[in-house]
Amino acid sequence: EFTKCKELVHSLKKIKYKFDDEEKEQVQKYVDLVDKGKDFDPRLYLLLNNDLKQRLKTYEEAFHHFATNKDSSEREYKHEKTYEEIMEIKSSQHVNPDSSIVLINHESTRTGAPMYLQDFANWLDEQGVEGILFMDCIPNSIYKLNSNIEVAYHFNDHDTLLSILDSCNPDIIYGNSLCPIVENFHLYEKYLSKTIMHFHECTQDIVSYLIDKQYDLYVLLSKLKNTFFVADKIKQETLQAVSDVGDIRSIEKKSYIVPEFINQERVQKINENQKRSTNKRPLIGMCGVKSDRKNYRLFTSVAQRNKDFDFVWIGAEFEHDVENLKCIPQTDNPYKLFATLDYFFLTSTRDPCPIVVLENMLLNNKIILLENNIKYTHDLDKLENVYYIEDHYNDAQAISNWIKENKLNTKPNKTNKNKDYILHNFTSPRVVGDKNLMELLCFTT
């Protein structure tokens, strides 16, 4: 952790950003702490490392936006708490001792799995569930939770998380995606039998967090109360991965498919952004952070090869020299930008059941998917203008050939098939099959 901190501090110092005085002072404190080396309590490095990563990500992706929009409400993306304030919050947290369910977030970002957890918490509250505790990673103003929901923070620190679980002893623990329980599940032995893990990642991403890979995954799945997967292909891949370790029949019996969804409140917010296209040329968009998994390089290469189309990446800025490609940093309301698109083009290498695709279907956008980059199988017969590009091998030229052959255009969809499909299938959490979600959560229906 000390080495990671040194690397992160070095990265912060190199960022081409004009820090204001407060930020300069904060970064210098990190430099001083790291320079102290052995004099600094090693147990605090995990917290420091997480805070540094959050700051680094924020500055890299949004500094230009903040520098030019000082009064924007979108400064919420900035990590507004100082290190001292975080330590104060960390040491003074008190939670309701009668919590019935604890929802553990894995990342404080406006991305798929964390947004799912926000919607899921609000949905539980709307079903009348009492004693909901939402455990976020760090203090932020990203999530809009109902007033009945209690919030605490684990800071990716096992002692903090265990202390809070001990103090409330919940009936159910709901681990979202790759939360701290996954990486060090042995520390949570006494809680695993009441823990439900909901995996939004592909199997290779899950096992990358484990030391003994397939063996650890087998042990974890065996001890969990239930395991939820967002797509059947992920479930089957995971079961196959652990089948060589031992008998998987008991694991299979308590494994379920629970896809992503968009809660009604967010559905209304998205629908406020009326679909509009006044583009002279087809506008093709993608959304996400700058990462290899989101495949921004492929998107850039495709844009470079298709000068007759306009391209926009929403949610991150990165350097490029492509005239027909525009990058827009993170925003509180990406839906107004989605509403301007003619096509949403998912370039991710791995995105099991991406909420951003559901959001664009809700806006009745045309959708372009790549073979194998999405694991949830949508019923194409119920949709309009949703395409799969086969045999592309992440080859920008092959994808460009497909774009030219299919004569992409600015004409809107003739029907509301895509929107109706989402409204009927993805506006509340559900278990694929005949099981009832509330019963699996041990709540009466």
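Confidence in this predicted model averages a pLDDT of 85 over the chain, with 80% of residues at 70 or more. The weak patch is residues 59-79, where pLDDT drops below 50. That stretch still has 50 contacts in the model beyond near neighbours in sequence, but where pLDDT is low, the predicted coordinates should not be read in detail.

Helix α5 takes in residues 112-126. With 15 residues at 1.5 Å each, α5 should span 21 Å, and its end C-alpha atoms do sit 21 Å apart, so the two values agree. Most of α5 is covered, as 13 of its 15 residues are buried. Just past the helix comes Gly 128, with a positive phi of about 95 degrees.

As for the nonpolar interior, the largest core holds 124 residues, and those with the most contacts inside it include Phe 120, Leu 124, Ile 181 and Phe 344. Helix α5 supplies the largest share of this core, seven residues. A second core, separate from that one, has five residues, among them Ile 86, Cys 137, Ile 138 and Phe 155. In soluble globular proteins, nonpolar side chains tend to be buried together. Back in the largest core, Ile 181 touches Ile 104, Leu 161, Ile 173, Tyr 188, Leu 192, Thr 195 and Met 197, leaving aside residues up to four places away in sequence.

Then there is Asp 342, in the loop between α14 (335-338) and β11 (343-345). Its relative accessible area is 4%, which is under the 20% cut-off, so Asp 342 counts as buried. The Asp 342 side chain makes a polar contact with the side chain of Asn 279 at 2.9 Å, and also reaches the backbone nitrogen of Leu 283 at 2.8 Å.

Terms used
Residues numbered from 1 in each chain as written. Heavy atoms only, no water. Helix = DSSP H or I, 4+ residues; strand = E, 2+ residues; numbered from the N terminus. Expected span 1.5 Å × (residues − 1). Buried < 20%, exposed > 50% of the residue type's maximum accessible area, 1.4 Å probe, protein only. Core = buried A, V, L, I, M, F, W, Y, C linked by side-chain atoms within 4.5 Å. Contact = heavy atoms within 4.5 Å. pLDDT = per-residue confidence, 0-100. Polar contact = N/O pair within 3.5 Å; in protein donor to acceptor, adjacent residues only side chain to side chain.
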